[in-house]
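Trainee: I should like to practise reading a protein model from its coordinates. May I put a series of questions to you while we look at the structure together?

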Amino acid sequence: MPDTLPATVPDTVPDTVPAVSPDVLPDALPDVPPGAGPDAPSDASPEVSPDAVPGALSDALPDDLLNSAAINAWVDRLARFDRDVPDTERIEQLRALERLKSAAAAAQARIAVDLDTSMRAGHAATGLPAQRQGRGVAAQVALARQESPYRGSRHLGLAKVLVAEMPHTLTALAHGAISEWRAGLLAQETIFLSREHRQLVDAHLCADPTGLHGWGDRRLTGEIRKIAYRLDPAGYTRRRAKAESERRVTSRPAPDVMARVTALLPVAHGVAVHAALRKAADTAIAAGDGRTRGQLMADTLVQRVTGQATADGVPVEIHLIMTDRTLLGEGQGDGDGSEQPAQLAGYGPIPAGLARRLAVSAAETETAWLRRLYSRPDSGRLVGMDSTRRVFPAGLARFIEIRGQYCTTPWCDAPIRHIDHALPHHQDGATSADNGNGTCAQCNYARQAPGWKVRPEPGPRHTLRITTPTGHSYRSTAPPPPGHPRSERRHPTGRRARRTRDTSNESVATA
């Protein structure tokens, strides 16, 4: 399956769709196969000829309905495919596996919708308010798919659209004629259309999936937008206005200790920003600056956003976690702990040398503070922290954030936004480090749905057992702090005893 889908699809499918007058439809409406228009029953399964897709399924397949055990057996068999074959067969294997991925995505979509329908019915039966029915379903989908809750909600939204409004796209996906990514494009680019108009686009483009053969993503999205605009020009304009209201700036880790800062802007603003940075870079190059145009544009962006004369020494508070040995840089660097990676909050591990450089830079600008963390010598489990940093009076909450580093939900690496009780306070849950649970906002809200349970478990590091309403459980263990004994055992030396004692007093350089 693809790692990501196109931009967000709706989390719910509206029960009613506004009526659309026939006068709204353009005269040059694309040709639609008979029986495939908006009057076609929404639960109909369009027929796809075996000739429409390469390598149609063999009639020799068993007719038995698949359950999870049978599917898992297929997964095991895929590890034993025939590799001693000619290249022609290897190409056929690749094509068949790609079809299998698409078919699996279609099956997952139907299963996710069935789960959502069942869970909502159960919530309604218990008298849960309508606005809370279905809460937590996307989180369960994400856990089952071993993905973040954000991606789980997008997959569930896409599944609802495909099952309820785009039967031809779903059938083409089930037969391997299109990929899950392409199905996501079709759903996203028709998001503002009514059900009737979306079904027209669905039928026009996917009733005969061979019509998309050879199309690239850009051509497909361009055709969808062209048809969508002809069907509903007013809706297209409204969507543009809504998109402008969702402008934002985000930051994500990038390889090689870099960060990718992205600004989603109206097109005129985006072009203006890029042009201004390029002009400033060209001026500097003409004046003899030896940096490349890309370097100059990046440095100019930092300078203008932060108000600094240079791109170094920006006085923005960051949180840098490292051992005392890494901070001081003592030793020869050969397994003595001085080169243990540090942890940069919101990013992840960074090299020891870079951590020291950041700490020194912060100290020179008088923005550095030290806070000690205490860990058990045998396991590296964080057990306490002093509260000398005056800006953070909620020392316990900060400790939980540092210990967890990310949201405690498995596969969710979102920043911690909520500090909550694992065992709820109204159930006599203690306000303690052991019962502390740091989550992102989305995961915390999902766990408020009926049937969710989070409990602390004993372990070498802080461990939680998360149980979903279906009874499936997942274990979440806090990541090891920098310099913990388990990491150091990977670099055995003759001074292990001294290093183990040192781990009882970790240092945090906060710049």
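Trainee: How many bridges join strand β1 to strand β2?

Mentor: This is a predicted model, and the answer describes that prediction. Strand β1 covers residues 248-254 and strand β2 covers residues 258-264. The two run antiparallel, and the number of bridges that join them is seven.

Trainee: Which residue in β2 is the bridge partner of Ser 251?

Mentor: Ser 251 belongs to the hairpin partner of β2, since strand β1 spans residues 248-254. Its bridge partner in β2 is Val 261.

Trainee: Which residue takes a positive phi in the hairpin of β1 and β2?

Mentor: The hairpin has three residues between its strands. One residue in this hairpin has a phi near 60 degrees, and that residue is Asp 256.

Trainee: What does the secondary structure of the chain come to, and what percentage of its residues count as buried?

Mentor: The chain comes to 17 helices and 13 strands. It has 511 residues, and the share of them that counts as buried is 37%.

Trainee: Why do the buried residues of α8 lie on the same side of the helix?

Mentor: Helix α8, residues 217-231, has buried residues that include Leu 220, Ile 224, Ile 227 and Leu 231. Arg 218 and Arg 219, on the other side of α8, are exposed. The buried residues are placed on the same side of α8 because they cover an arc around the axis of only 160 degrees.

Trainee: Which helices are included in what covers the buried residues of α8?

Mentor: Helix α8 has 15 residues and reaches 21 Å from its first C-alpha to its last, close to the expected 21 Å. Thr 221, Glu 223 and Ala 228 are also among its buried residues. The cover of these buried residues includes α6, α7 and α9.

Trainee: How many of the residues of α7 are buried?

Mentor: Helix α7 has 12 residues and reaches 16 Å from its first C-alpha to its last, close to the 16 Å expected. Its buried residues include Arg 195, His 197, Leu 200, Val 201 and Cys 206. What covers them includes α4, α5, α6 and α8. The helix is mostly covered, and the buried count is 10 of its 12 residues.

Trainee: Where are the centres and planes of the one aromatic pair, and what kind of pair is it?

Mentor: A search of the whole structure finds one aromatic pair. The ring centres of Trp 411 and Tyr 474 are 6.2 Å apart, and their planes stand at 80 degrees. An angle over 60 degrees counts as edge-to-face, so the pair of Trp 411 and Tyr 474 is edge-to-face.

Trainee: How many residues apart in sequence are the parts that this pair ties together?

Mentor: Trp 411 lies in the loop between α14 and β8, whereas Tyr 474 lies in strand β12, residues 473-477. The pair therefore ties together parts whose separation in sequence is 63 residues.

Trainee: Is Tyr 474 buried or exposed?

Mentor: A residue counts as buried under 20% relative accessible area. Trp 411, at 40% relative accessibility, counts as partly exposed. Tyr 474 has a relative accessible area of 17%, so Tyr 474 is buried.

Trainee: What is the phi of Trp 411?

Mentor: Most residues other than glycine have a negative phi. Gln 146, in the loop between α3 and α4, is not a glycine and yet has a positive phi of about 55 degrees. Trp 411 is not a glycine either, and its phi is positive, at about 70 degrees.

Trainee: What distance separates the C-alpha atoms of Tyr 406 and Cys 440?

Mentor: Tyr 406 lies in the loop between α14 and β8, and at 25% relative accessibility it counts as partly exposed. Tyr 406 and Cys 440 are 34 residues apart along the chain. Their C-alpha atoms are separated by 8.1 Å.

Trainee: Which residue in β9 is the bridge partner of His 418?

Mentor: Strand β8, residues 418-421, is joined to β9 by four bridges, and the two run antiparallel. In β9, Gly 436 and Gly 438 point one way, Asn 437 and Thr 439 point the other way, and all are buried. The bridge partner of His 418 is Thr 439.

Methods
Residues numbered from 1 in each chain as written. Predicted model: local features only at pLDDT ≥ 70, side-chain atom pairs only at ≥ 80, totals over all residues. Heavy atoms only, no water. Buried < 20%, exposed > 50% of the residue type's maximum accessible area, 1.4 Å probe, protein only. Pairing = 2+ DSSP bridges. Phe/Tyr/Trp six-rings, centres within 6.5 Å; stacked < 30°, edge-to-face > 60°. Expected span 1.5 Å × (residues − 1). Arc of directions from axis to C-beta. Contact = heavy atoms within 4.5 Å.
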